[in-house]
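Reader: I have just opened this one and would love a friendly tour. Could you walk me through it?

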Amino acid sequence: MSIYYRGILFLVVTAFLGEGIEILVNMILARQLGFHGLGLYMSILPTILLIILISSFELPVSISKFIAEREERYHRNIMYHAITITIIFTSLLFVVGTVLLPFIPIFNSYHPYVRWLVIILIPVISFTSVARGYFMGRQQMGKIAISNFLRKIFQLAGLFVLFRFFEFNPESSLLIAIATLIGSEIVVFLYLVFMFIIQFKELRRQPFSNLNRKIVRKNLMAVSIPTTGMRLFTAFTNAVQPFIIKAALVHSGITAVQATEQFGMLMGVAISIGFFPGFIAHSLMIVLIPAVSKTHSERDFSSLQRMLQQVIILTLGYGIVAVAIFFFFAPELASLFFKSGTSATYLQLLWPFFLFHYFVIPLQAFMIGLDLIKEAFIHIIWSTVISFSLILVLGSMSEWRMDGVIIGMNTGSVLLALMHYFTVCKKIGVSVFTGRVVHQ
């Protein structure tokens, strides 16, 4: 448990610094790209993240879970089979991506180079995921934290230097913004793969035992496939969300340009600020997946109950403080990006979305560690269907517009957090409302 707490602390501290850098990155993007350019950047970002997700095949989750559940003497064999699977999967995906990506219409509004930059991401993310999963499973969170920090600092430095000393037209500025994002992933790849090679050489000198290739493949696929499906659905809905929101706003009576600008203020300003404290939730998730997996494999329900209680108390503590700051200091925070009161209003209205989002992330880690991936997937589908339905219905009304969009987003976040919480409590034997232990 001491490794568990040290891992959380180290990840939280470095993630805090990284999120501070992320705020600076978004401030630079907002001032350089403007309302419309930022809207375009935020519109293409979910699609890029979708490509990243497909390329990772959720190997960080499946490898870390399998490594955490097995003795160290099996790790060399597990990683050998994981690398073999990754090489095959990446080769196929790279060929498919090269053939199909040029025909995806969403890229038509962007510089032609954007397509090829995204294709480069496929092998980069795939092999980074192998190294990331191994270090997560071994609870070596320092390497994960450093890699996350390197990603942010490289992106900030690249944007600052290029936009400070060179002049670009709007299309080129958008290309530079996307290129620095992808370049930061390459930096992470170089660092994690280098560290993995060093550690794997040491692992080869130690005594080891083999596992049947089919057993390793079955265990990895049993987590990777449903988790990828779950994350793929989430990423797909995130990629579709910009078009649903903008379509609803246009239907309500405003122009397409105005809809893009409002979406840019929503995602580029309000969401960027509101997601800032989420670094704590993401740090918890990285540590919780292997920790919950190992504890659950040992059938130690008392430790699982204690971990859940600690996570809920911690999340409630920082979450309430965060949303209170957002609500009362929204104008000051939003003015760091644009001199606009609209984005400040969005930030204030989204407080339920942010608060429950902080709970969703660690609760999802519990769901994965407890082998409740199917249930988590069902929860996400239901919350998304209800959220998007409200966005389309209320956002299309001239009297609601963006207020209706925000109501839909808030509802989806609250619903998802509650479904996750009820399911985890039932699995580990905790009374939903009182927190009392039902069984051990």
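Author: Happily! One term will help us: a nonpolar core is a set of buried Ala, Val, Leu, Ile, Met, Phe, Trp, Tyr and Cys residues joined through side-chain atoms within 4.5 Å. Please keep in mind that this is a predicted model.

Reader: How many helices and strands does the chain have?

Author: Strands are quickly dealt with, as the chain has 0 of them. The helices number 15.

Reader: Why does the radius of gyration agree with a compact globule?

Author: The chain has 440 residues, and a compact globule with that many would have a radius of gyration near 22 Å. The two agree because the value for the chain is 22 Å.

Reader: What share of the residues count as buried?

Author: Here a residue is buried when its relative accessible area is under 20%. Applied to the 440 residues of the chain, that cut-off gives a buried share of 55%.

Reader: Which helix gives the most to the largest nonpolar core?

Author: That core has 138 residues, and those touching the most other members are Y41, I178, L266, L350, F354 and F366. With 18 residues in the core, the helix that gives the most is α1, residues 2-56.

Reader: Which residues is L266 in contact with, leaving aside its neighbours within four places in sequence?

Author: L266 is one of the core residues that touch the most other members. Contact here needs heavy atoms within 4.5 Å. Beyond those sequence neighbours, the partners of L266 are I245, I271, Y346, L350, M402, I406 and M409.

Note on methods: Residues numbered from 1 in each chain as written. Predicted model: local features only at pLDDT ≥ 70, side-chain atom pairs only at ≥ 80, totals over all residues. Heavy atoms only, no water. Helix = DSSP H or I, 4+ residues; strand = E, 2+ residues; numbered from the N terminus. Rg over C-alpha atoms; globule rule 2.2 N^0.38 Å. Buried < 20%, exposed > 50% of the residue type's maximum accessible area, 1.4 Å probe, protein only.
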